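Thanks for sharing this one with me. My notes follow as numbered points, so you can take them one at a time with the coordinates open.

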Amino acid sequence: MQSPEVDAYIAAAPPLRRERLEALRALVHRLAPDVEEVIEYRMPLFRRGDKWIAMASQKSCLSVYLHCQPHAAAIVATDPRLKGGKGCVNIVDSANLPLAALEPAIAGILAGEPPPS
């Protein structure tokens with residue numbers, strides 16, 4: 001179910017990031033139709049039981065918080081313009097949105113599967 005608070009967060013983002021947030025949100029709902037949407041830590045968080053991912057529109061990038069270093073590292077490796085932190089992927093505006101790389105990570109995390117080794 002979509003949250004009005006998440007709707008407002010996405011609507012307030014700059015156009016490119018709004019488009020990317022909407023694409024990621026649609027992907028999450030396709031992969032986990034029963035996901036719960038909330039705003040936590042001032043960003044959209046998508047929770048399924050005790051598993052979650054979050055995304056945030058930053059100053060010059062979109063950050064996707066996977067809280068899983070192996071998944072994040074695998075996604076960052078797909079494009080030299082992507083940056084990463086501990087379990088996070090930062091997608092600068094000049095980089096393509098790596099939906100194909102994000103899909104298995106998001107699906108695995110929300111399904112509670114173990115991370116890749």
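**Notes on the predicted model**

1. Let me begin with Leu-97, which is found in the loop between S6 and H4. Please keep in mind throughout that this is a predicted model. Setting aside neighbours within four places in sequence, Leu-97 is in contact with Arg-20, Ala-23, Leu-24, Leu-62, Ile-91 and Leu-102. Leu-97 and Leu-110 are 13 residues apart along the chain, and their C-alpha atoms are separated by 20 Å.

2. Next comes helix H4 itself, which covers residues 99-111 and has 13 residues. From first C-alpha to last, H4 reaches 18 Å, close to the 18 Å expected at 1.5 Å a residue. Gly-112 follows H4 and has a positive phi, near 80°.

3. Which residues of H4 are buried? They are Leu-102, Ala-105, Ile-106, Gly-108, Ile-109 and Leu-110. These buried residues pack against two helices and four strands by name: H2 (15-31) and H3 (69-76), together with S2 (43-48), S3 (51-57), S4 (61-65) and S6 (88-92). If you want to look at the surroundings of H4, that list is a handy selection to load.

4. The pairing of H2 with H4 deserves its own point. Their axes come within 10 Å and cross at roughly 45°. An angle from 35 to 65 degrees falls outside the parallel and perpendicular classes, and H2 and H4 are therefore oblique to each other. The crossing of H2 and H4 is right-handed. By class, the contact of H2 with H4 has ten nonpolar, no polar and two charged residues.

5. Here are the residues behind that contact. On the H2 side they are Ala-23, Leu-24, Leu-27, Val-28, Arg-30 and Leu-31. On the H4 side they are Leu-99, Leu-102, Glu-103, Ile-106, Ala-107 and Leu-110. Leu-102 of H4 also appears among the contacts of Leu-97, as do Ala-23 and Leu-24.

6. H2 has a second helix partner, H1 (residues 4-11): the two pack at an angle of about 145°, with their axes 8 Å apart. From H1 the contact uses Val-6, Asp-7, Tyr-9, Ile-10 and Ala-11, and from H2 it uses Arg-18, Leu-21, Glu-22 and Arg-25. By class, the contact of H1 with H2 has five nonpolar, no polar and four charged residues.

7. Ile-39 lies in strand S1 (residues 36-40). Is Ile-39 buried, partly exposed or exposed? At 34% relative accessibility, Ile-39 counts as partly exposed. Beyond four places in sequence, Ile-39 is in contact with Glu-5, Val-6, Tyr-9 and Pro-44; Val-6 and Tyr-9 also take part in the contact of H1 with H2. Ile-39 and Pro-14 are 25 residues apart in sequence and 18 Å apart in space, C-alpha to C-alpha.

8. Two loop residues that are not glycines have positive phi values, and you may like to look at them together. Arg-42, in the loop between S1 and S2, has a phi of about 60°. Arg-42 counts as exposed, at 76% relative accessibility. His-67, in the loop between S4 and H3, has a phi of about 45°. His-67 counts as partly exposed, at 38% relative accessibility.

9. His-67 comes up again with Gly-87, which lies in the loop between S5 and S6. Gly-87 is buried because its relative accessible area is 2%, with the cut-off for buried being under 20%. Leaving aside neighbours within four places in sequence, Gly-87 is in contact with Val-64, Tyr-65, Leu-66, His-67, Cys-68, Gln-69 and Ala-72. The C-alpha atoms of Gly-87 and His-71 are separated by 7.2 Å, with the two residues 16 apart along the chain.

10. Last on my list is Asp-79, in the loop between H3 and strand S5 (83-85). Is this charged residue buried or exposed? Asp-79 is buried, with a relative accessible area of 10%. Apart from neighbours within four places in sequence, Asp-79 is in contact with Ala-95 and Asn-96.

Methods. Residues are numbered from 1 along each chain as its sequence is written. This is a predicted model: local features need pLDDT of at least 70, side-chain atom pairs count only at pLDDT 80 or more; totals for chains, interfaces and linings use all residues. Side-chain values use heavy atoms; hydrogens and water are left out. The expected span of a helix is 1.5 Å times one less than its number of residues. Buried means under 20% relative accessible area, exposed over 50%, partly exposed in between (1.4 Å probe, protein chains only). Contact means heavy atoms within 4.5 Å. Axes are lines fitted to C-alpha atoms, for helices over the stretch in contact, and angles run from 0 to 180 degrees between N-to-C directions. Angles under 35 degrees count as roughly parallel, over 145 as roughly antiparallel, 65 to 115 as roughly perpendicular and the rest as oblique. A crossing is left-handed if the near helix is turned anticlockwise from the far one by less than a right angle, and right-handed if clockwise. Ala, Val, Leu, Ile, Met, Phe, Trp, Tyr, Cys and Pro count as nonpolar, Asp, Glu, Lys and Arg as charged, and the others, Gly among them, as polar.
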